[in-house]
Amino acid sequence: GVLLKTWPGLQIVTLSRTPDQLVAELLNDRIELIIGNNWNLGRMPGTELERMGKLAIAAMVRAGHPLAIRPRVALADLEDYPVASAVELQPGSLGAAGSFACDSFHVLRETVLTTDCTWMSSPAFLADELRAGTIVRLAVADLAQARSEICLVFKRGRTRSPAANLVADEVRRMLGELGE
């Protein structure tokens, strides 16, 4: 929203797809950049990665979830509930009770709000729900503080458009405001 207010006439088109689909779109010059986290983008041949900042990640559930009433839970307690995730879970990882994978964080949020799914997500993304009390951040005793490194991915050797530079600056500004 800030970019559109500041730069009238700017056209931004977004896609929500799996990382491999987005990289294919990038390498075929159908998109100019990818914004995501380093763990599911990493280094891909033919791309440049620019690290932008980090976001805290925490275990989240809906208000009223059986785990939400406990002051502290253990990581093993999460295994009794299905997992919502932006990526397909590997066999043997959390998700023994089932999983729901979707590349849309908005759909994941709605799923968590209406099911017993747990979700490792950014409190910054869920700030409104946390303030309203509809989503609860779990205190997981044996879970190390996790951070997701946010990055931009560009096609190697391609000159960035002024719009891409504006988006990069805005992502950097937003991450700076979050103080992560």
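**Group meeting talk: rings, strands and cores**

Hi everyone, let me start with one residue: W119 is buried, with a relative accessibility of 3%. Please keep in mind that we are looking at a predicted model. I'd like to use W119 as our way in, and then step back to the rest of the chain.

So, which residues join W119 in a ring cluster? They are F105 and F125, linked with W119 through ring pairs. Let's go through those pairs. F105 and F125 sit edge-to-face, with 5.7 Å from centre to centre and 90° between the planes. This pair brings together distant parts of the chain, since its two residues are 20 apart. F105 belongs to helix α5, residues 105-114, while F125 lies in the loop between β5 (118-121) and α6 (127-132). The rings of W119 and F125 are also edge-to-face: their centres are 6.1 Å apart and their planes meet at 80°. Across the whole structure, the search turns up three aromatic pairs.

Are the two phenylalanines of this cluster buried or partly exposed? F105 is partly exposed because its relative accessible area is 35%, and buried means under 20%. F125 also counts as partly exposed, at 27%. W119, at 3%, counts as buried.

Now, what is around W119 in the way of strands? Strand β5 covers residues 118-121. β5 pairs with β2 in the antiparallel sense, over three bridges, and here A58 stands opposite S121. β5 also has a parallel partner, strand β3 (residues 83-85), joined to it by two bridges. There, V83 stands opposite T118.

Let's move on to the cores. As a general point, nonpolar side chains in soluble globular proteins tend to be buried together. In our model, the largest nonpolar core has 11 residues, among them L33, M52, I150, F154 and A164. Which elements give two or more residues to this core? They are β2 (47-62), β7 (146-155) and α7 (162-178). Helix α7 provides the largest share, five residues. A second, separate core has 10 residues, including A58, W119, L126 and I135. So there is our W119 again, together with A58.

One member of the largest core deserves its own moment, and that is F154. Leaving aside neighbours within four places in sequence, F154 is in contact with several residues, including L26, L33, T47, R160 and A164. What does R160 do at the ring of F154? R160 lies over the face of that ring, 3.5 Å from its centre.

Finally, the wide view. The protein chain has seven helices and seven strands, and in sequence order they read α-α-β-α-β-α-β-β-α-β-α-β-β-α. Of its 180 residues, 37% count as buried. Among contacts between residues at least 6 apart in sequence, 68% join residues at least 24 apart. The accessible surface comes to about 10300 Å², and 54% of that belongs to carbon and sulfur atoms.

If you open the structure yourself, start at W119 in the cluster with F105 and F125, then look for R160 over the face of F154. Thanks for listening!

Notes. Residues are numbered from 1 along each chain as its sequence is written. This is a predicted model: local features need pLDDT of at least 70, side-chain atom pairs count only at pLDDT 80 or more; totals for chains, interfaces and linings use all residues. Side-chain values use heavy atoms; hydrogens and water are left out. A nonpolar core is a set of buried Ala, Val, Leu, Ile, Met, Phe, Trp, Tyr and Cys residues joined through side-chain atoms within 4.5 Å. Buried means under 20% relative accessible area, exposed over 50%, partly exposed in between (1.4 Å probe, protein chains only). Helices (H or I, at least four residues) and strands (E, at least two) are DSSP runs, numbered from the N terminus. Contact means heavy atoms within 4.5 Å. Accessible areas come from the Shrake-Rupley method with a 1.4 Å probe; for residues, only the protein chains shown count as cover. Rings of Phe, Tyr and Trp (its six-membered ring) pair if their centres lie within 6.5 Å; planes under 30 degrees apart count as stacked, over 60 as edge-to-face and the rest as tilted. A charge sits over a ring if NZ of Lys or CZ of Arg is within 6 Å of the ring centre and within 35 degrees of the ring normal. Two strands pair if DSSP finds at least two bridges between them.
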